[in-house]
Amino acid sequence: MEKRCYKVKELQEMLGISRATVYDLLKRKEFQWVMIGGKYIISKASFDEWFDGSMTSGETHLEQ
């Protein structure tokens, strides 16, 4: 079964960024997410689309 969502820790590890930076991306609504049981659940499709677009345009700058 294909994964449909990510957790904050997974994005931290994949991107090599701090937890605070992931929360900043969530706050800026860079991709879709929902909060379930006090935890952020990030749409894989939305994140992948954002990431692929960022990689091709070179416009997004992440800071730790």
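**Entry 1: aromatic residues**

I looked first at the aromatic side chains and found that Y6, F31, F47, W50 and F51 form one aromatic cluster. The model is a predicted one, in which local features need pLDDT of at least 70, side-chain atom pairs count only at pLDDT 80 or more, and totals for chains, interfaces and linings use all residues. Residues are numbered from 1 along each chain as its sequence is written, and side-chain values use heavy atoms, with hydrogens and water left out.

I noted 7 aromatic pairs in the structure. Rings of Phe, Tyr and Trp (its six-membered ring) pair if their centres lie within 6.5 Å; planes under 30 degrees apart count as stacked, over 60 as edge-to-face, and the rest as tilted.

I then examined W33 and Y40, whose rings form an edge-to-face pair with 4.8 Å centre to centre and 70° between the planes. I checked the cover of both residues, using relative accessible area (buried is under 20%, exposed over 50%, partly exposed in between, with a 1.4 Å probe and protein chains only). W33 is partly exposed at 31%, and Y40 is partly exposed at 23%.

I turned next to F47 and W50, a tilted pair with 5.6 Å centre to centre and 40° between the planes. How are F47 and W50 placed in helix 3? They are 3 residues apart in helix 3 (residues 44-57), so about one helical turn separates them. F47 counts as buried at 3% relative accessibility, and W50 counts as buried at 11%.

**Entry 2: the chain as a whole**

I counted 3 helices and 3 strands in the protein chain. Helices (H or I, at least four residues) and strands (E, at least two) are DSSP runs, numbered from the N terminus. From that terminus on, the elements run β-α-α-β-β-α.

I recorded that 28% of the 64 residues of the chain count as buried. The accessible surface comes to about 4,800 Å², of which 51% belongs to carbon and sulfur atoms; the areas come from the Shrake-Rupley method with a 1.4 Å probe, and for residues only the protein chains shown count as cover.

I also looked up the contacts, which require heavy atoms within 4.5 Å. Among contacts between residues at least 6 apart in sequence, 50% join residues at least 24 apart.

**Entry 3: the sheet**

In what order do the 3 strands stand in the sheet? I found an open sheet in the order 1-3-2, with antiparallel pairing. Strand 1 (5-7) and strand 2 (33-36) stand at the edges, each with a single partner strand, so one side of each is left without a neighbour in the sheet. The twist averages 35° from one strand to the next; axes are lines fitted to C-alpha atoms, for helices over the stretch in contact, and angles run from 0 to 180 degrees between N-to-C directions.

I followed strand 2 and strand 3, which pair in the antiparallel sense over 4 bridges; two strands pair if DSSP finds at least two bridges between them. V34 stands opposite I41 in strand 3, and I36 has K39 of strand 3 as its bridge partner. The hairpin of strand 2 and strand 3 has 2 residues between the strands, and G37 there takes a positive phi near 60°.

I saw that helix 1 (residues 8-15) packs on the sheet and touches strand 1 and strand 3; its direction makes about 85° with that of strand 1.

**Entry 4: S43 and S46**

I located S43 in strand 3 (residues 39-43). S43 is partly exposed, at 22% relative accessible area. Residues up to four places away in sequence aside, S43 touches R4 and Q32. S43 and R4 are 39 residues apart along the chain, and their C-alpha atoms are separated by 6.5 Å.

Which backbone nitrogen lies 3.0 Å from a polar atom of the side chain of S43? I found that it is the backbone nitrogen of S46. S46 has its place in helix 3 and is buried, with a relative accessible area of 15%. Neighbours within four places in sequence aside, S46 is in contact with F31 and Q32.

**Entry 5: K29**

I looked last at K29, in the loop between helix 2 (19-27) and strand 2. Phi of K29 is near 55°, a positive value in a residue other than glycine. Is K29 buried or exposed? K29 is exposed, with a relative accessible area of 65%.

Conventions. A polar contact is a pair of N or O atoms within 3.5 Å; within protein, one must be able to donate a hydrogen and the other to accept it, and residues adjacent in sequence count only if both atoms are side-chain atoms.
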